[in-house]
Amino acid sequence: MTTRHEASDGSTIEPGDVVVLHVQGLEELIASLIDAGFDTRGPSVRNGAIVPGALHGVTDLPKGVHDVQAPGRYRLEHSDDGQLFGWAVGPGSWKAEFFPPSQELWRASPAGDSMVFTEPAPDQRRLAIIGARPCEVAALSVLDRVLANGEHRDPRYVERRDANFVVVVECGRPGATCFCSSMGTGPGIDAGFDVALTEVDDSDGHRFVARPGTQRGADFLSRVTHEESTDRDRGARVAVLERAGVQMGRRLDTEGLASLLARNVEHPHWDEVAERCLSCANCTLVCPTCFCSDVRDTTDLAGDFHRRRTWSSCFDLDHSYLHGGPVRASVSSRYRQWMTHKLSTWWDQFDTSGCVGCGRCVTWCPVGIDITEEVRAIATSDGASRRDVPSVKGAP
Amino acid sequence: MTGDAAPATSVALAMAPRGPRHAMTPVVHRVFAVRHETIDVTTISLEPVTGPRLTFRPGQFNMLSAFGVGESAISVSSAPRDAGPLRHTVRDVGPVTHALCESSVGDLIGVRGPFGSDWQVPGRGERDVVDASDTVVVAGGIGLAPLRGAVDELVARYGEGGGRVFVFVGAREPSQVVFHRDLELWKRSGARVEVTVDRGSPGWSGHVGLVTSLLSSSEFDPSNAKALICGPEIMIRFTARALVDQGVAAGRILVSLERNMQCGLGWCGHCQLGPFLLCRDGPVVAYAGMVSVLLTERER
Amino acid sequence: MTRSIAQMLEAHPLFADLPDDAADLVAGCARNVAFEAGAKLIVEGDAADTFYLVRRGRVAIEVHVPGRGPVVLETVGAGAIVGWSWLVPPYRWTFDARAIEPVGAIAIDGACLRAKAQAEPAFGFALLTRISVELLARLQATRMRLLDLYGVRRDR
Ligand SMILES: Cc1cc2nc3c(=O)[nH]c(=O)nc-3n(C[C@H](O)[C@H](O)[C@H](O)COP(=O)(O)OP(=O)(O)OC[C@H]3O[C@@H](n4cnc5c(N)ncnc54)[C@H](O)[C@@H]3O)c2cc1C
Ligand code: SF4
Ligand code: SF4
Ligand code: FES
């Protein structure tokens with residue numbers, strides 16, 4: 001026997017509790033976030049892919065939509081199962097909501113004998129992201145280390161993240177290019193969210209096992225129709241995650257990985273990858289943790305000055321430009337920069353991996369270069385380097 | 001989880017009270033004086049339009065904005081003990097540096113900084129953290145700019161019990177040697193100053209040759225010396241190696257490195273060199289260990 | 001106290017720590033010399049018979065270019081070797097060497113030293129090895145200068 005709580009009956013849920021929502025409870029959760037003033041965003045199908053978009057209710061969710069992913073390939077399939085979260089990450093990541101692809105930093109007008117600066121007004125928007133996957137929440141915390149937790153904090157980023165409400169949905173249907181279980185970022189999640197849901201569809205029916213991660217998340221859950229969870233519900237969640245772990249399309253051996261790459265900077269394999277790599281920068285643009293940006297100044301017709309910040313990529317020739325030319329002129333050295341940054345030097349710089357195993361770079365690479373395969377190629381010929389480099393500080 | 005994913009409402013993210021300015025917004029300075037050092041190198045002295053002067057340590061840099069053109073990383077070339085305005089010495093190599101070199105007295109320049117690590121030379125009344133009797137300063141070309149403040153501080157310490165100072169400067173040709181006045185002043189204060197050029201010119205009676213060739217015949221004590229090096233990266237590499245071969249401990253050699261920089265804040269990713277974000281972990285780094293290897297690693 | 005030629009040789013990096021018998025061999029070919037500022041140690045085109053080990057003062061290696069006068073290629077100071085052409089045929093100087101300041105040097109008769117090196121191959125090999133160290137350093141420095149390190153590439 002389970003106890004059903006209506007939206008209004010005032011029962012309270014604490015962080016650490018596990019409850020069950022049905023589709024109606026999810027609908028109420030979205031509605032109550034909207035009522036509370038949140039701008040609710042979640043998965044939406046656009047241009048044949050699942051990407052973050054506006055979300056006003058359950059009917060906006062990609063019901064019965066599944067993705068088929070492979071290196072260099074992504075396709076959606078529609079089924080009549082009622083699954084709302086039966087897909088893995090698409091090309092758009094939540095990064096763009098917090099760290100926009102292009103943003104004005106300030107404008108300045110000459111005034112008298114000085115200059116008046118106008119910075120964009122603080123972002124008033126309170127964003128609730130619904131249906132973020134565990135790897136994406138992990139990616140946001142990686143970005144936090146760069147833009148919010150260092151010596152210099154980006155106030156625009158910090159204010160967006162501060163106001164942010166996170167409803168994460170654990171993964172029951174990882175993609176063929178996913179390897180979050182290798183990176184310790186999924187398919188389940190224990191922290192970094194306000195509410196975590198696990199979509200379960202078994203003989204007991206279609207439902208969501210819900211766990212509040214914060215007091216605020218617990219408060220919202222208390223207000224929506226839910227049931228207390230049974231052992232069967234909790235067991236069903238574990239089964240979903242176990243199955244996901246088995247279905248995970250790819251693996252990456254992270255044992256000693258940072259130092260493996262650090263000591264193989266002169267490995268001949270970088271040149272082999274370069275023969276395939278188009279240096280198109282797709283991998284860095286879809287990556288939820290890549291943070292590189294260009295800063296550009298312009299003058300408008302009125303004589304005001306503007307400064308913008310725009311996403312950039314270490315695959316751009318200009319990324320490493322010093323007067324005279326780029327430091328990394330070859331594709332081989334740019335690919336090496338990308339991969340060693342993600343998996344090795346990120347540890348030195350930010351004390352974490354720069355890769356969360358979301359698989360986007362594998363799926364969205366036009367020629368299907370697979371980071372897990374390239375690591376394996378280097379690992380199996382470790383030492384083929386022309387020279388060795390002492391292992392870096394802070395690497396695991 | 002990767003690392004310790006912060007909860008969505010993490011305290012670490014708690015928003016700072018909206019400060020006076022975004023770290024990307026410069027402080028407006030006025031050009032107070034302009035001095036043409038060579039045909040393409042100009043020193044500009046800056047005073048804030050309002051508010052106090054920036055404090056900095058020798059070796060640190062600022063991001064200077066030529067409004068409407070762009071921003072560049074430029075080292076502070078004055079010394080903290082100068083009471084005067086903030087000086088920057090700029091070589092005209094492209095749009096931003098050109099605009100900076102062309103500025104005239106009264107023009108407005110944006111300043112963000114200071115950023116990065118410094119030469120660790122003790123300031124007035126401070127103790128020397130790297131204990132060495134001799135300081136060997138090797139500069140190539142415009143590389144003397146970030147070192148000028150450091151040498152000023154070191155030379156000033158003669159009277160305060162500081163060690164000996166040896167300054168070696170390499171330049172392409174005599175007309176491109178910067179800071180003639182300072183070189184003379186340092187010499188008069190007791191520093192050993194040697195300048196060498198790649199190509200002599202009529203009237204030049206000084207050294208002609210590579211800057212490293214000055215090191216072996218100098219009388220500093222390698223076993224009790226520390227070294228500060230700045231210049232083109234290849235020159236840094238060869239100079240550091242020559243000093244190590246001569247007996248200077250690699251751990252006592254500091255070098256200042258350069259990479260593309262667009263923020264100075266650790267945000268834009270352009271200044272990476274292996275494990276370093278040079279705007280944050282540099283530009284001044286210890287030559288020992290990782291750096292000596294990075295400098296010979298092939299980024300092609 | 002005047003120093004013997006052997007002591008002077010010992011004080012120069014080229015012959016420091018040479019075994020006694022070898023030092024005697026070299027000393028037999030060497031003498032102490034001094035040049036006023038401006039004096040030529042070596043003249044382009046002359047027979048390369050005597051080379052110099054600089055003890056003090058600076059020497060310019062230069063070449064006369066019509067219309068430009070003497071162009072200084074390199075300056076060297078105490079510890080340097082001035083002149084290599086005595087080592088190999090046709091034993092003729094390629095550049096001028098001029099004292100920029102008063103110079104003290106050890107002059108060594110190249111033919112004399114070559115003869116001794118030929119007669120005693122072990123000594124000859126040791127001598128060549130020592131000479132090669134400076135020769136190589138000077139060659140490398142010259143190559144580095146070819147890079148035009150401090151120049152700006154304006155190709156963008
Ligand atoms: C820590 C540091 C200190 C520096 N100190 C000085 C100094 O004291 N005096 C001085 O004259 N120069 C200094 N530089 C070099 C100076 O920053 C560049 O010459 C300048 O950015 C070139 O910009 P530009 O627009 O004139 O030319 P361009 O060559 O057209 O540059 C275009 C863009 O590329 C980047 N860039 C190009 N070259 C460099 C470079 N060498 N370093 C960093 N970014 C570069 C910049 O983002 C620049 O805006 C320093 C560089 C660094 C990293
Ligand atoms: S490197 Fe690839 S797999 Fe890793 S986080 Fe970035 S896009 Fe995802
Ligand atoms: S350097 Fe490359 S891999 Fe690293 S954050 Fe920047 S774009 Fe991404
Ligand atoms: S200059 Fe932007 S991260 Fe260093």
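## Two chains, two ligand sites

Chain B and chain A are joined by two salt bridges, each a side-chain nitrogen of Lys or Arg within 4 Å of a carboxyl oxygen of Asp or Glu. In one of them, the side chains of Asp113(A) and Arg30(B) meet at 3.8 Å, N to O. This is a predicted model: local features need pLDDT of at least 70, side-chain atom pairs count only at pLDDT 80 or more, and totals for chains, interfaces and linings use all residues. Residues are numbered from 1 along each chain as its sequence is written, chains are lettered from A and ligands numbered from 1 in the order in which they are written, and side-chain values use heavy atoms, with hydrogens and water left out.

**Interface.** Between chain B and chain A, 21 residue pairs are in polar contact, both at pLDDT 80 or more. A polar contact is a pair of N or O atoms within 3.5 Å; within protein, one must be able to donate a hydrogen and the other to accept it, and residues adjacent in sequence count only if both atoms are side-chain atoms. On the side of chain B that touches chain A, strand 6 of chain B gives the most, with three residues. Strands here are DSSP runs of E, at least two residues, and helices are runs of H or I, at least four, numbered from the N terminus. The contact (heavy atoms within 4.5 Å) takes 59 residues from chain B and 82 residues from chain A.

**Ligand 1.** Residues from chains A and B surround ligand 1, so the site is shared between chains. Being around a ligand takes a heavy atom within 4 Å of it. Of the 24 residues there, Ser72(B), Ala73(B), Thr89(B), Arg91(B) and Thr97(B) come nearest. Strand 4 of chain B supplies the largest share of the shell, five residues. Distances from ligand 1 atoms to polar protein atoms follow.

| Ligand 1 atom | Protein partner | Distance |
|---|---|---|
| oxygen | Ser72(B), side-chain N or O | 2.7 Å |
| nitrogen | Ser75(B), side-chain N or O | 3.0 Å |
| oxygen | Gly94(B), polar backbone atom | 3.2 Å |

Taken alone, ligand 1 exposes 820 Å², and the protein buries 90% of that. Accessible areas come from the Shrake-Rupley method with a 1.4 Å probe; for residues, only the protein chains shown count as cover.

**Ligand 2.** The residues around ligand 2 include Cys287(A), Cys355(A), Cys358(A) and Cys361(A). Helix 11 (331-350) and helix 12 (360-363) of chain A each give two or more residues to this shell.
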